[in-house]
Amino acid sequence: MVVKQTADKDKPVLIIVEGPLQGQQWVMHGDQLTIGRGAQCDIVIPERSISREHVRIWREGKQYFIEDLGSKNGTHVNAVRLEKPIPLNEGDEIQIALCAKIKFVGSEATVPLILKEGEGAEIGLRLDEHTRQVIINGRLLEPQLSLYQYRLLEMLYKSGGGICTRDDVVLAVWPEAAREGVSEQAIDALVRRLRDRLAELSPDHEYVVTVRGHGFRLVQPGKNPDSTG
């Protein structure tokens, strides 16, 4: 089964269907987007076969276009090597070098959040910081988290599995109340509510783990909650 989400109106979405960032997707909020392995690109794919600035996608009026930026290993659209700028259409597949494949999903379309079983479905939790959406195992968590729940999850997510103390939680979630302080009961209640929401899509894995005497951490599937790596 494929779970679908309505794309942001008038904004196309790029979905990596093969490669090191498989399952991730980007909404084109601006009029231009670059893809490459350089840190200055909008989508950074850390592969040596991809040029620092490999591909550019941009909008003219209501039409989107793509061009290869003189990359060493080339770009293909629907298996045809890109020799000059061409229009992009709904469902086009963009092959970056030989290591990443991206699907272009136009506005007003439905965006598949997971691939069919056996085709490399996304595993784990990730955040879309632009839309404050939470995706677990390729499925969108709906309705969205409350502001406080999202702030807590965002802090844990950005820590990369590191431990966040209760003081860290207060500063991230309730910055306006940091000086007065927040009770431990309020922090624990928020953690419980966040766990309950995440369990809606992942009942068999606990993402938010309590580290006794230290704080909390986010554990992705396949990671040992007692390890520090």
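Me: In this predicted model, what share of the contacts with a separation of 6 or more comes from residues 24 or more positions apart?
Reply: Happy to help: such residues account for 44% of those contacts in the chain.

Me: What is the chain built from in terms of secondary structure?
Reply: The chain has 3 helices and 18 strands. Of its 229 residues, 44% count as buried.

Me: How many aromatic pairs does a search of the whole structure find?
Reply: The search finds 3 aromatic pairs. One of them joins Tyr-64 and Phe-104.

Me: Why is the pair of Tyr-64 and Phe-104 called tilted?
Reply: Good one! The ring centres are 6.0 Å apart, and a pair needs centres within 6.5 Å, so the two rings qualify. The planes stand at 55°; stacked needs under 30 degrees and edge-to-face over 60, so tilted is the name that fits.

Me: What makes this pair a tie between parts 40 residues apart in sequence?
Reply: Tyr-64 belongs to strand 7 (residues 63-68), while Phe-104 belongs to strand 12 (residues 100-105), so the pair ties those parts together.

Me: How do you know whether Tyr-64 and Phe-104 are buried or exposed?
Reply: Buried means under 20% relative accessible area. Tyr-64 has 7% and Phe-104 has 3%, so both count as buried.

Me: Why is Arg-56 said to lie over the face of Trp-58?
Reply: Arg-56 is at 3.9 Å from the ring centre. The limits are within 6 Å of the centre and within 35 degrees of the ring normal, so the distance fits, and Arg-56 is listed as lying over the face.

Definitions and conventions
Residues are numbered from 1 along each chain as its sequence is written. This is a predicted model: local features need pLDDT of at least 70, side-chain atom pairs count only at pLDDT 80 or more; totals for chains, interfaces and linings use all residues. Side-chain values use heavy atoms; hydrogens and water are left out. Helices (H or I, at least four residues) and strands (E, at least two) are DSSP runs, numbered from the N terminus. Buried means under 20% relative accessible area, exposed over 50%, partly exposed in between (1.4 Å probe, protein chains only). Contact means heavy atoms within 4.5 Å.
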